[in-house]
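Here is a brief report on one protein chain. Keep the sequence and the 3D view open while you read.

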Amino acid sequence: DDEDKATMPKCSWWTFQRDSSPVGPVESNSLDLSKLDKDVVLVALMAQVAEKKTINDASSNHGFTTAKGVAAWTAKIAEGPKKERKELLRIRRPEGPRSSGVWLVAGFIRGSSDDGWHAEAIDEVYPEKRIKAILPIRFKELVPPVEDKKEEDPMAAARRMLEEAMKG
């Protein structure tokens, strides 16, 4: 029914390259790691509520109000064609994220050229509006954050050049 569709997960992923900002979200239920650019070192897999429909979170029963829980979610990551599919990772969340949250399910991390990719379970929930800012911080040990190049103040540049000229 409509209420079940509103709580169904929508899958997406973000890609990370060294020395650039994360790219995403790409909404898709499938991902072919072999088609990614060679500079991609990490792929973060996410799930969130598909529809932003308001759901009645409380029901009244003879004067008592009880909170309605969000259904459990299970994420399965598998490889290969459907008939020969091999499950790599399975994560279950007792409660799916609220409609304003994003479930960071797992990450694919590129090893050396011989190692290829490996999957790592993460299982964390973040606010949807903050995910773009949080992801670089979350993965800073794997992908160093991109530092904004600040332009030097013209007055400070003039002082620095004057000091350098006076030294030489």
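## Two backbone oddities in the strands

P25 sits in strand β2. The peptide bond that joins G24 to P25 is cis, with omega at about 0°. The model is predicted, so treat this bond as a feature of the prediction.

D123 belongs to strand β9. Its phi is positive, near 55°, and D123 is not a glycine. Is D123 buried, exposed or partly exposed? D123 counts as partly exposed, because its relative accessibility is 31%, and the buried class ends at under 20% while the exposed class starts at over 50%.

## The chain as a whole

The protein chain has three helices and nine strands. Along the sequence the pattern reads α-β-β-β-β-β-β-β-β-β-α-α.

The chain has 168 residues, and 27% of them are buried. About 12,200 Å² is exposed, with carbon and sulfur atoms supplying 50% of that area. Take the contacts between residues at least 6 apart in sequence: 58% of them join residues at least 24 apart.

## A five-stranded open sheet

Which order do the strands take in the open sheet of five? The order is β2-β1-β3-β8-β9, and the pairing is antiparallel. Strands of a sheet pair through backbone hydrogen bonds, either parallel or antiparallel. The edges are β2 (23-27) and β9 (117-127), each of which pairs on one side only. On average, neighbouring strands are turned by 25° against each other, direction ignored.

Now walk across the pairs. β1 and β2 run antiparallel and are joined by three bridges. Within this pair, T15 has V23 of β2 as its bridge partner. The β1-β2 hairpin has five residues between its strands, and D19 there takes a positive phi near 65°. Nine bridges link β1 with β3, again in the antiparallel sense. W14 stands opposite A44 of β3. β8 and β9 are also antiparallel, with nine bridges between them. W103 has V125 in β9 as its bridge partner.

## A helix across the sheet

Helix α2 covers residues 131-138. It lies across β1 (9-17), β3, β8 and β9. Its direction makes an angle of about 135° with β9.

## Nonpolar cores

Which residues touch the most other members of the largest nonpolar core? They are V43, L45, W103 and V105, in a core of 17 residues. Four elements give two or more residues to this core: β3 (40-49), β6 (73-79), β7 (86-93) and β8 (101-110). The largest share, five residues, comes from β3. In soluble globular proteins, nonpolar side chains tend to be buried together.

Apart from this core lies another, of 16 residues. Its members include W14, F16, L42 and I122.

V43 is worth a look in the 3D view. Leaving out residues up to four places away in sequence, V43 touches W13, W14, T15, L31, L33, L36, A106, G107, F108 and W117. Two residues in that list have appeared above: W14 is opposite A44, and T15 is the bridge partner of V23.

Conventions: Residues are numbered from 1 along each chain as its sequence is written. This is a predicted model: local features need pLDDT of at least 70, side-chain atom pairs count only at pLDDT 80 or more; totals for chains, interfaces and linings use all residues. Side-chain values use heavy atoms; hydrogens and water are left out. A nonpolar core is a set of buried Ala, Val, Leu, Ile, Met, Phe, Trp, Tyr and Cys residues joined through side-chain atoms within 4.5 Å. Buried means under 20% relative accessible area, exposed over 50%, partly exposed in between (1.4 Å probe, protein chains only). Contact means heavy atoms within 4.5 Å. Two strands pair if DSSP finds at least two bridges between them. Axes are lines fitted to C-alpha atoms, for helices over the stretch in contact, and angles run from 0 to 180 degrees between N-to-C directions. Accessible areas come from the Shrake-Rupley method with a 1.4 Å probe; for residues, only the protein chains shown count as cover.
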